[in-house]
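This report goes through the fold and some local features of one protein chain. The sequence and the structure come next.

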Amino acid sequence: MAALALGLAGTAMVVTPSSTAGAATATLVVDYACNGGIAGTGSGTVNLRTRLTVPTTLNVGDPLNVEWKLNYKDETRLGSPAYMPNGGRVDVIGRANISGSWVGQLQPTGTAEQSGPIDKGVPLKLPVGISDFGHTDRAGTVTVRPGQTLFVDFRPSASEVMVNDDDPAITYSGGWEDHDGLPSEDHDHHLDLHSTTVKDAWASYTFTGTGIEYVAQKDRDAGPIDIAIDGQAATPPRVDPSRNADGTLVNDAHRGGQTLWKFHGLKYEQHTITIKNVQDAKLGQLDAFRVITRDLVNAPKDYRAECTLVNAPGAIQVEIGGGDDNPASPSPDTSASPSASPSASASPTDENPGGDGDSPPPSPSPSATPSPSPSASPSPAAAQTQNYIVTAVVTQGSPSPTATRTVTLTATPSVAQVAITPQGGAQTGEAPERVSSSGMLLIGSGGALLMIGMLSGVAMLRRRAAHSGERG
């Protein structure tokens, strides 16, 4: 499997020969039916017609370009999944399978920006053209075939949306009053708000986003408000508009437009916030909710439409010529692993064993005996020990590993090639036996005794001479 680098940016295919700028090409017409996600918020089932154009003849080194055109087949349309104040983008992900001389898959993608604001269900634009290419590095024949599925995603743009207290999407329990035309110096959003003095009176709002904020007045006559997200106590679960952060009573009255509570970091999906007045005869208020959507790394899975191939488009065959039959980048042979003390198969002086100018040298064999064997003495019977270090060196960017051999020769002293008889004999090839320390001690003792004897003899002769003189 050679190195065809494949990437994708589109969708589908059926074959119609054509020519573009002098190059032989073929076009596949492929129909898909899309369901779920942004298809469900549009027409239900959405029909797409796509056209894939691929060159049919290439030379080695030419890119295998895959050009895709996307269109709606009929009046059905993908729709915006919700109100999008800043719009969003449509991402298309396709599949093209490659077989033959190379096996792989192209994965084309394309994007179409959707300018906002857009309401839920508003038709979405598709990318006009999407494309990708693969690199060809040797001659061969490949077949391009459309994948069975195509995916269309919608990714909302980052936004902040103020939802006023009189929005019909907000639900109120009994006991709330709607106040309009409030003084501008109070700074209430849209100069209106809802209020209640009934214990346990509540209001709820369902939104889609990654964060939510509660906006109301700071007022010393207000009471605590409990807050829940998706039926669970929020963090924090309670806020008191009549108190400062340190718990002291505020001096404010009717200071509107204040963000009293916020929570960010929700998963992008549908959530419900509920606020509840805690104390009877205490003032509870709602001025607005602020809905936050952060930048999303990935499109929400709930918005994905999955499109399935509904016709039999066939395939496109691509002939790639003009190259060498051998791969440009052969895979290195790593089957041989040198042992702890390997020996080389070639002479230590061979700089490029078995190599030629057109192909990388083969890896050295891990076991063999070098020849010739350098000798420490002229004697043909002398033996010598040789240690070899074989190192495989791989350099990034080179077609294959290059074996570098380092040879270290260690000479062992010559050994006489005759049988050894009594040590110290003639022609034995060995030195006489060493005199042991006990023998030397005996010799020294004998010499001392001899010296004592000689001195004793001299003394006796002198005594005899003295006696002779006395007698005479």
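The structure, a predicted model, holds five aromatic pairs. Y205 and F289 make up one of them, a stacked pair with 5.9 Å from centre to centre and 10 degrees between the planes. An angle under 30 degrees is what counts as stacked. This pair links distant parts of the chain, with Y205 in strand 17 and F289 in strand 22 (residues 288-293), 84 residues apart. Both Y205 and F289 are buried. Elsewhere, F154, Y268 and Y303 come together as one aromatic cluster.

**The chain as a whole**

DSSP runs in the protein chain amount to one helix and 26 strands. Of its 472 residues, 35% are buried. Among contacts with a separation of 6 or more, 76% are between residues 24 or more positions apart. The chain has an accessible surface of about 26,400 Å², and carbon and sulfur atoms account for 52% of that area.

**The five-stranded sheet**

Five strands form an open sheet in the order 4-24-11-7-8, and the pairing is mixed. Strand 4 (57-59) and strand 8 (104-106) are at the edges; each has a single partner strand, so one side of each has no neighbour in the sheet. On average, neighbouring strands of this sheet are turned by 30 degrees against each other, direction ignored.

Within this order, strand 11 follows strand 24. Strand 11 covers residues 140-146 and strand 24 covers residues 316-321; the two run antiparallel and are joined by five bridges. V144 has I316 of strand 24 opposite it.

V144 can also be placed relative to strand 7, which comes after strand 11 in the sheet order. I98 belongs to strand 7 (residues 96-100). The C-alpha atoms of I98 and V144 are 5.0 Å apart in space, while the two residues are 46 apart in sequence. How far is I98 covered by the rest of the protein, that is, is I98 buried or exposed? Its relative accessible area is 3%, so I98 is buried, the limit for that class being under 20%.

**The disulfide**

With a cut-off of 2.5 Å between cysteine sulfur atoms, the count comes to one disulfide. The partners are C34 and C307, whose sulfur atoms are 1.9 Å apart. The torsion about their S-S bond is about 105 degrees, and the disulfide is therefore right-handed. Where in the chain are C34 and C307? C34 is in strand 2 (residues 23-35) and C307 in strand 23 (residues 305-309), so the pair links distant parts of the chain, 273 residues apart. C34 has a relative accessible area of 0% and is buried. C307 is likewise buried, with a relative accessible area of 0%.

**Cis peptide bonds**

Two cis peptide bonds are described here, each of them leading into a proline. The bond from G116 to P117 is cis, its omega being near 0 degrees. P117 is part of the loop between strand 9 (109-114) and strand 10 (129-135). T235 and P236 are joined by a cis peptide bond with omega of about -5 degrees. Here the proline is in a strand: P236 belongs to strand 19 (residues 232-239).

**Positive phi outside glycine**

D200 has a phi near 70 degrees, a positive value in a residue other than glycine. H254, also not a glycine, has a positive phi of about 60 degrees. The table sets out both residues with their loops and accessible areas.

| Residue | Phi | Loop | Relative accessible area |
|---|---|---|---|
| D200 | near 70 degrees | between strand 16 (193-196) and strand 17 (202-218) | 37% |
| H254 | about 60 degrees | between strand 19 and strand 20 (255-277) | 41% |

Which exposure class does D200 fall into? With 37%, D200 is partly exposed, as this class lies between 20% and 50%. H254, at 41%, is partly exposed too. The loop of D200 ends at strand 17, the strand that holds Y205 of the stacked pair. The loop of H254 begins after strand 19, the strand in which P236 is found.

Definitions and conventions:
Residues numbered from 1 in each chain as written. Predicted model: local features only at pLDDT ≥ 70, side-chain atom pairs only at ≥ 80, totals over all residues. Heavy atoms only, no water. Pairing = 2+ DSSP bridges. Helix = DSSP H or I, 4+ residues; strand = E, 2+ residues; numbered from the N terminus. Axes fitted to C-alpha atoms, helices over the stretch in contact; angles between N-to-C directions. Buried < 20%, exposed > 50% of the residue type's maximum accessible area, 1.4 Å probe, protein only. Contact = heavy atoms within 4.5 Å. Areas by Shrake-Rupley, 256 points an atom, 1.4 Å probe, with all protein chains shown as cover. Phe/Tyr/Trp six-rings, centres within 6.5 Å; stacked < 30°, edge-to-face > 60°.
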